[in-house]
Amino acid sequence: MKITQSDSFTELTAQALYAILRIRVNVFVVEQRCPYPELDGRDTEPGTRHVHISEDGTTVAYLRVLTEPDGSFRIGRVCTDRHRRGEGLAGALMREALAYCGDTSTVRLDAQASVAGFYRSFGFVIDGDEFVEDGIPHVPMTRAPEPKA
């Protein structure tokens, strides 16, 4: 198992991009039955970082970190192959992503409500009302920067 990071979209090989898009579509579109525009244009932004775990050329877990216009970060598209859940892969990706974001930056995400507790374990708190996106309840969550000493 290897965690791979790419500083930008242009650093992804064609094979890595295909594997990333495959897991995202398999989890979000097929498994969760949410026909939505998976390709939203944000993957190619210069501030986007792609973090994934691959084995034998197959991506088994993935997330992306977006740099927002205000300098904060947004984590999204967190997914794990359904046959690999429960192995701690998403946690490994979150630790890697948060290390990249650092302790002095605000990090936001929109969590599926059923897994909000997972994100709480990384210091995120719910900071808004529940909303439904693609038929799935979500909650906005934020991890505030560490106070400066």
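Which backbone oxygen lies 3.1 Å from a polar atom of the side chain of His 50? The exercises below start there.

This is a predicted model, in which local features need pLDDT of at least 70, side-chain atom pairs count only at pLDDT 80 or more, and totals for chains, interfaces and linings use all residues. Residues are numbered from 1 along each chain as its sequence is written, and side-chain values use heavy atoms, with hydrogens and water left out.

**Exercise 1. Place His 50 and list its contacts.**

Step 1. Find the element. His 50 sits in strand β2, residues 49-55. Strands (E, at least two residues) and helices (H or I, at least four) are DSSP runs, numbered from the N terminus.

Step 2. Check exposure. His 50 counts as buried, because its relative accessibility is 1%. Buried means under 20% relative accessible area, exposed over 50%, and partly exposed in between, with a 1.4 Å probe and protein chains only.

Step 3. Answer the opening question. The oxygen belongs to the backbone of Asp 43.

Step 4. Add the side-chain partner. The side chains of His 50 and Tyr 62 are joined by a polar contact of 2.7 Å. A polar contact is a pair of N or O atoms within 3.5 Å; within protein, one must be able to donate a hydrogen and the other to accept it, and residues adjacent in sequence count only if both atoms are side-chain atoms.

**Exercise 2. Trace the strand pairing around β3.**

Step 1. Start with β2. It runs antiparallel to β3, and seven bridges join the two. Two strands pair if DSSP finds at least two bridges between them. Ile 53 has Ala 61 in β3 as its bridge partner.

Step 2. Look at the turn. The β2 and β3 hairpin has two residues between the strands, and Asp 56 in the turn has a positive phi of about 50°.

Step 3. Move on to β4. β3 and β4 pair in the antiparallel sense over six bridges. Arg 64 has Gly 76 in β4 as its bridge partner. Five residues lie between these strands in their hairpin, where Gly 71 in the turn has a positive phi of about 95°.

Step 4. Judge the cover. Eight of the 10 residues of β3 are buried, so the strand is largely enclosed by the rest of the structure.

**Exercise 3. Find the pairing partners of β8.**

Step 1. Take β5. It pairs with β8 in the antiparallel sense over six bridges. Ala 111 stands opposite Val 139 in β8.

Step 2. Take β6, residues 125-126. It pairs with β8 in the antiparallel sense over two bridges. Val 125 stands opposite Thr 142 in β8.

Step 3. Take β7, residues 131-133. It pairs with β8 in the antiparallel sense over three bridges. Their hairpin has two residues between the strands, and Asp 134 takes a positive phi near 55°.

Step 4. Check the cover. Seven of the eight residues of β8 are buried.

**Exercise 4. Describe the aromatic cluster.**

Step 1. Count the pairs. The structure holds four aromatic pairs. Rings of Phe, Tyr and Trp (its six-membered ring) pair if their centres lie within 6.5 Å; planes under 30 degrees apart count as stacked, over 60 as edge-to-face and the rest as tilted.

Step 2. Classify one pair. Phe 118 and Tyr 119 are edge-to-face, at 5.0 Å centre to centre and 75° between the planes.

Step 3. Classify another. Tyr 119 and Phe 124 have ring centres 6.4 Å apart and planes at 80°, so this pair is edge-to-face.

Step 4. Compare exposure. Phe 118 is partly exposed at 29% relative accessible area. Both Tyr 119 and Phe 124 are buried.

Step 5. Name the cluster. Phe 118, Tyr 119, Phe 122 and Phe 124 form one aromatic cluster.

**Exercise 5. Describe the lining of the largest pocket.**

Step 1. Fix the term. A pocket is an open set of points on a 1 Å grid over the protein atoms alone, where a 1.4 Å probe fits, with protein on both sides within 12 Å along at least five of seven lines; lining residues have an atom within 4 Å of a point.

Step 2. Count the lining. It has 33 residues, and those nearest the centre are Phe 28, Arg 77, Val 78, Asp 110 and Gln 112.

Step 3. Find the main contributor. β4 gives the largest share, seven residues.
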